[in-house]
Amino acid sequence: MELGERKQAVLRAIVEEYIALAMPIGSKTVADRYGQWSSATIRNDMNELEQAGYLEKPHTSAGRIPSQMAYRFYVDHMMGTESLSPDELEYIRALLLARMRDVGEVFQATASAVAHLTQYAALVAAPRWRNVSVRQLHLVRLDEGRALMVLVTDGGVFKDTVIRIPPDMDEEELDRLSRVVAQRVAGRTMAEAEPAIQELMQAMEMRKQVLLEHIMQAFSATAVPEKATQVVLGGAANLLKHPEYSDIAKARRFLSMLETGDVLSQLMARPGGMRISITIGAENGVQGLEDSSVVSAVYSVGGREVGALGVVGPTRMRYGHVVSLLEVISHTLEEIMGGKEL
């Protein structure tokens, strides 16, 4: 069924009113919104939209609610983005900047910001570190037999990796070796750095080979494999505020499923090449999420996609606001991880 201008207007009104009110929408509500069409005309359009699968009629109400098909049409053809308020923008900036020195806390803060500003559940997939590049590497002698490896990447700073060194290695010798290793790995991805260090080992004496082995082990521990993507979940309890999750037993099952690592990773595995992805209801391919939507955005560092953030909520979601929010936060993350001044 091809939707004419009036039917599209009626459908848009029902979707947006239902998102705002969480109540079935009647013809009078739509008529009051537009003014130029009678309730009888709108009722006829609503009947046709229902027959075409865009609307559903709850048994206890004369009004209509959008179907998943309606939300998909709305997202694809009608949705506009919503500008964030100055207070929202300042909240995002202040929260993330306060934690930019600690990479792990940045992602927890990101999840908190998304959850707070949307009142849905937030998901943040931490960077796939094997994709990020090494900027600098420093070895700082702590005491006899120990050094601190400071690894600066285009995705953050790791400065708490303590490695073993030969007990007789002084600061000057350690500094020379540090410069040699740094020169060899600079500009390479984490995945590429390991074989580069291994190659360097071939030309080194045994005592330095042992140290390089420890450095390589530290790289391996930092560079989490692609399949082990860490996903931070925030604000899951927000979902209980929405009527769609008012059934406590159903809500508990839903929240329990949402906290499963495999499910979180699946939800963050968005189609490649898309900065913003919106999947609605059954499109998620996850049993138990048939009444929920997932909106996600990727973030990149150095031109490479390294992670994603997203929102899980009812299909009755403020899609335009969520998309705008994720775009702003993903760009802010990129600037923080890219080392730009905000």
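# Exercises on a predicted protein chain

At 26% relative accessibility, Ala22 counts as partly exposed, because that class lies between buried (under 20% relative accessible area) and exposed (over 50%), with a 1.4 Å probe and protein chains only. The model is predicted, so local features need pLDDT of at least 70 and side-chain atom pairs count only at pLDDT 80 or more, while totals for chains, interfaces and linings use all residues. Residues are numbered from 1 along each chain as its sequence is written, and side-chain values use heavy atoms, with hydrogens and water left out.

## Exercise 1: The whole chain

Task: Find how many helices and strands the protein chain has, and what share of its residues is buried.

Solution:
- Step 1. Count the elements: there are 12 helices and 10 strands. Both are DSSP runs numbered from the N terminus, helices being H or I with at least four residues and strands being E with at least two.
- Step 2. Turn to burial: of the 342 residues in the protein chain, 49% are buried.
- Step 3. Look at the surface: the accessible area of the chain is about 16,500 Å², and carbon and sulfur atoms hold 48% of that. Such areas come from the Shrake-Rupley method with a 1.4 Å probe; for residues, only the protein chains shown count as cover.
- Step 4. Check the contacts (heavy atoms within 4.5 Å). Taking those between residues at least 6 apart in sequence, 61% join residues at least 24 apart.

## Exercise 2: Helix H1 and what follows

Task: Work out which elements the buried residues of H1 pack against.

Solution:
- Step 1. Locate the helix: H1 covers residues 5-21, and its 17 residues reach 24 Å from first C-alpha to last, close to the 24 Å expected at 1.5 Å a residue. The expected span is 1.5 Å times one less than the number of residues.
- Step 2. List its buried residues: Lys7, Ala9, Val10, Leu11, Ala13, Ile14, Val15, Tyr18 and Ile19.
- Step 3. Find their partners: these buried residues pack against helix H2 (27-34), H3, strand E1 (55-56), strand E2 (65-66) and helix H4 (68-77).
- Step 4. Zoom in on Val15, which is buried at 0% relative accessibility. Apart from neighbours within four places in sequence, Val15 is in contact with Pro66, Ala70, Tyr71 and Tyr74. Its C-alpha is 9.1 Å from that of Ser67, a residue 52 places away along the chain.
- Step 5. Move past the helix end: Ala22 follows H1 and sits in the loop between H1 and H2. Ala22 has a positive phi of about 60° although it is not a glycine. Most residues other than glycine have a negative phi.

## Exercise 3: A second positive phi

Task: Which loop holds Gln119, and is Gln119 buried or partly exposed?

Solution:
- Step 1. Place the residue: Gln119 is in the loop between helix H6 (103-118) and strand E3 (121-125).
- Step 2. Read its backbone: phi of Gln119 is near 65°, a positive value in a residue other than glycine.
- Step 3. Classify its accessibility: Gln119 is partly exposed, at 26%.

## Exercise 4: Helices H5 and H12

Task: Describe how the axes of H5 and H12 cross, and name the residues that make the contact.

Solution:
- Step 1. Choose the descriptors: two packed helices are described by the angle and the distance between their axes.
- Step 2. Apply them: the axes of H5 (residues 86-97) and H12 come within 11 Å and cross at roughly 35°. Axes are lines fitted to C-alpha atoms, for helices over the stretch in contact, and angles run from 0 to 180 degrees between N-to-C directions.
- Step 3. Assign the hand: this crossing of H5 and H12 is right-handed, meaning that the near helix is turned clockwise from the far one by less than a right angle.
- Step 4. Name the residues: H5 contributes Glu88, Leu89, Ile92, Leu96 and Leu97, while H12 contributes His321, Leu325, Val328, Ile329, Thr332 and Ile336.
- Step 5. Sort them: 8 are nonpolar, 2 polar and 1 charged. Here Ala, Val, Leu, Ile, Met, Phe, Trp, Tyr, Cys and Pro count as nonpolar, Asp, Glu, Lys and Arg as charged, and the others, Gly among them, as polar.

## Exercise 5: Inside H12

Task: How many residues of H12 are buried, and what does Glu334 touch?

Solution:
- Step 1. Count: 15 of the 19 residues of H12 are buried.
- Step 2. Take Glu334, found in H12 and buried at 17% relative accessibility.
- Step 3. List its contacts: not counting residues up to four places away in sequence, Glu334 touches Arg275, Val298, Tyr299 and Ser300.
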